[in-house]
Amino acid sequence: MNIKFNYKKITILLPDLNGGGAEKNFVILANYWSENNINVEFLLLKKRGVLLKYLNKEIRVIDLNISKIRYSFFKLIKYFVNTNSDIILVSLWPLTSISILSKLFSFSKIKIILFEHQILSKSYKNIFNQTSFVMKLLINITYYFAYRLICVSNFVKSDIENMLTYKKKINVIYNPSYIENNEFIVSDSELINMWGSNNNLKLLCVGSLKPEKDHFNLINALKIIKNNNRLKFKLIIFGQGLLYNNLIKHIKNSDLENEILIKDFQYDISKWYSSCDIFILPSIHEGFANVIVEALSFKKKIISTKCGGPEEILENGKFGKLVEINNPNDIADNIINHENLKFDNSMLINRAKEFSKEKISDILFKTIR
C-alpha cells in the first residue's frame with residue numbers, strides 16, 4: 001500500500017454479508033487492508049451470508065442480531081458511544097441514513113463515510129412509479145452530516161445530486177472488481193461437463209434474480225434466436241432471488257429448458273468467465289455492475305444494456321457492445337453476429353486493471369484522510 005493509513009481502526013457497517021455487489025466489494029477491501037496490517041472490523045445487523053467464510057480470519061465481526069434495519073437505531077447509538085473506531089464506512093440505504101441519525105444522537109465524533117451503490121431514484125419507486133418521498137426526505141436530512149459521500153459511478157452521483165436540495169461534495173470511487181487470477185486452462189472434457197457441448201455458443205450472465213436485472217428480456221432474446229436461427233447456444237445464469245420460479249416457468253414456456261440453466265450464486269466463478277464466449281448483462285439499471293469488470297478481467301466479449309454503470313465502465317462502447325434496455329431483438333442480433341464484436345484483448349485487460357483493489361484502496365484513503 002503506497003499511502004499511510006492515519007486512523008486506528010475502520011469499521012464497515014452492512015446489513016449482512018449475503019452475496020451482493022456492495023458486500024463483495026467490502027470483503028475484497030477488508031481482506032486487502034487486513035493483509036496490510038490495518039485494523040478493520042465488520043459491524044453487521046445480522047451475522048449471516050455466504051461471504052462470511054471468505055473473510056480474513058483476523059477480521060472481527062460484530063453481530064447486532066437485528067432482524068430489520070429500522071430496529072438498528074438504538075443499538076447503533078450504543079456502538080458509537082463505546083467504539084474506538086475512527087471512521088465507519090456504511091452502504092445500502094436506508095442503513096446509511098439511520099447510521100447518520102444514530103451518530104447525531106450519540107454525540108460521537110466518529111467520521112461516517114457513506115457509499116451509494118444504487119441508482120436510488122429507480123430502485124425505490126412507489127406504486128405510482130414515483131421516487132419515494134420518504135427516501136428523498138431522509139436523504140436530504142441525513143446526507144448533509146456525512147463526513148464523505150462516495151458514489152460508485154457518475155450515474156449514481158447524478159442521481160443523488162438530483163435528489164439533494166443543497167450542494168454537497170460527492171466523490172466517485174469505482175468498485176474493486178478486477179480479478180487478478182484470470183489465467184485458466186479449461187480442458188475439453190471440463191467444457192463439456194460445464195456447458196454440455198463444445199459446439200454451443202457459451203453465454204454467461206451473473207446477477208440476482210430480481211426485476212431490475214431483467215433476465216426475462218434475455219430469455220426473450222434467446223427465444224428469438226432459437227425460433228429464427230440455427231445458432232446453437234447455452235446460457236448459464238448465476239444468481240438467486242425471488243424471481244427464480246417465475247424465470248424457470250418463463251424458460252419452460254419459451255421452450256428453452258435445454259438451452260438455459262440457472263445456478264446458485266457462487267463467490268468465485270472464474271472458470272465460467274474463462275470458458276464463456278460472451279458475457280451478457282440485460283439490466284434495466286445498474287449503479288456500477290462489478291460483473292462487467294470481472295468479465296473484462298478475462299478479456300471477454302461483452303453485450304450490456306445502456307443501464308448506467310456499464311456505460312461508464314465500457315466507456316460508451318469502447319470496451320464492449322451497448323444495447324438499448326428492454327430490446328430483446330437488439331440483444332439477439334448481437335449474439336447472432338458475435339463475430340463482429342472485436343475488441344483488443346490488451347485494451348480489455350488494461351481497462352479491467354483500473355478497478356484493482358490496490359488502485360481503488362489508494363484513491364479511497366486519499367479521499368477520506
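Let me start right after helix α11, where the next residue to look at is Lys299, with a positive phi near 60 degrees. Lys299 is not a glycine, yet its phi is positive, at about 60 degrees. This is a predicted model, so please take that angle as a computed value. Most residues other than glycine have a negative phi. Lys299 sits in the loop between α11 and β12, the strand at 301-305. Is Lys299 buried, exposed or partly exposed? Its relative accessible area is 30%, so Lys299 counts as partly exposed.

The helix before that loop is another matter. How many residues of α11 are buried? In α11, residues 290-297, the number is 8 of the 8, so this helix is largely enclosed by the rest of the structure. The buried residues include Val291, Ile292, Val293 and Leu296. Asn290, Glu294 and Ser297 are also on that list of buried residues.

Two other places in the backbone go with Lys299. Asp255, again a residue other than glycine, has a positive phi near 60 degrees. You will find Asp255 in the loop that runs between α9, at 244-253, and β10, at 260-263. The other place is a peptide bond. Going from Trp93 to Pro94, the bond is cis, and omega is near 15 degrees. Pro94 belongs to the loop between β4, at 87-91, and α3, at 95-106. As background, most peptide bonds are trans.

Now the chain as a whole. There are 15 helices and 13 strands in the protein chain. The radius of gyration is 21 Å, and the globule rule gives 21 Å for 369 residues, so the chain is as compact as a globular protein of that length. Along the principal axes, the C-alpha atoms fill a box of roughly 65 × 50 × 35 Å. Buried residues make up 54% of the 369. Taking contacts with a separation of 6 or more, 69% are between residues 24 or more positions apart.

On the surface, the accessible area of the protein chain is about 17400 Å², and carbon and sulfur atoms hold 47% of that. As for charge, the chain carries 50 positive and 35 negative side chains, with the centres of the two sets 6 Å apart.

Next, the interior. Which residues have the most contacts inside the largest nonpolar core? That core has 68 residues, and the ones with the most contacts inside it are Ile88, Tyr143, Ile160, Leu204, Tyr273 and Phe279. A second core, separate from that one, has 31 residues, among them Val27, Ile59, Ile150 and Phe365. Back to Ile88. Leaving out residues up to four places away in sequence, Ile88 touches Thr11, Leu13, Leu43, Tyr79 and Phe80, and also Ile110, Lys111, Ile112 and Ile113.

I have three helix residues to go through, and I will start with Ser97. Ser97 is in helix α3, and at 1% relative accessibility it counts as buried. Where does Ser97 make its contacts, once neighbours within four places in sequence are set aside? The partners of Ser97 are Leu138, Ile139, Thr142 and Tyr143. Tyr143 was named a moment ago among the residues with the most contacts inside the largest core. From Ser97 to Asn140 the C-alpha distance is 9.3 Å, with their positions 43 residues apart in sequence.

Ser34 is the next one. Ser34 lies in helix α1, residues 21-35, and is buried, with a relative accessible area of 15%. Beyond its neighbours within four places, Ser34 is in contact with Val40, Asn56, Glu58 and Ile59. Ile59 is one of the residues of the second core. Ser34 and Lys57 are 23 residues apart in sequence, and their C-alpha atoms are 9.3 Å apart.

The third is Asn154, in helix α6, residues 154-163. Asn154 has 37% relative accessibility and so counts as partly exposed. Not counting residues up to four places away, Asn154 touches Val172, Tyr174 and Glu312. How far apart in space are Asn154 and Asn246? C-alpha to C-alpha, Asn154 and Asn246 are 33 Å apart, at 92 residues apart in sequence.

That is where I will stop.

Key:
Residues are numbered from 1 along each chain as its sequence is written. This is a predicted model: local features need pLDDT of at least 70, side-chain atom pairs count only at pLDDT 80 or more; totals for chains, interfaces and linings use all residues. Side-chain values use heavy atoms; hydrogens and water are left out. Helices (H or I, at least four residues) and strands (E, at least two) are DSSP runs, numbered from the N terminus. The radius of gyration is taken over C-alpha atoms; the globule rule is 2.2 Å times the number of residues to the power 0.38. Buried means under 20% relative accessible area, exposed over 50%, partly exposed in between (1.4 Å probe, protein chains only). Contact means heavy atoms within 4.5 Å. Accessible areas come from the Shrake-Rupley method with a 1.4 Å probe; for residues, only the protein chains shown count as cover. Lys and Arg count as positive and Asp and Glu as negative; His and the chain ends are not counted. The place of a charge is taken as NZ of Lys, CZ of Arg, CG of Asp or CD of Glu. A nonpolar core is a set of buried Ala, Val, Leu, Ile, Met, Phe, Trp, Tyr and Cys residues joined through side-chain atoms within 4.5 Å.
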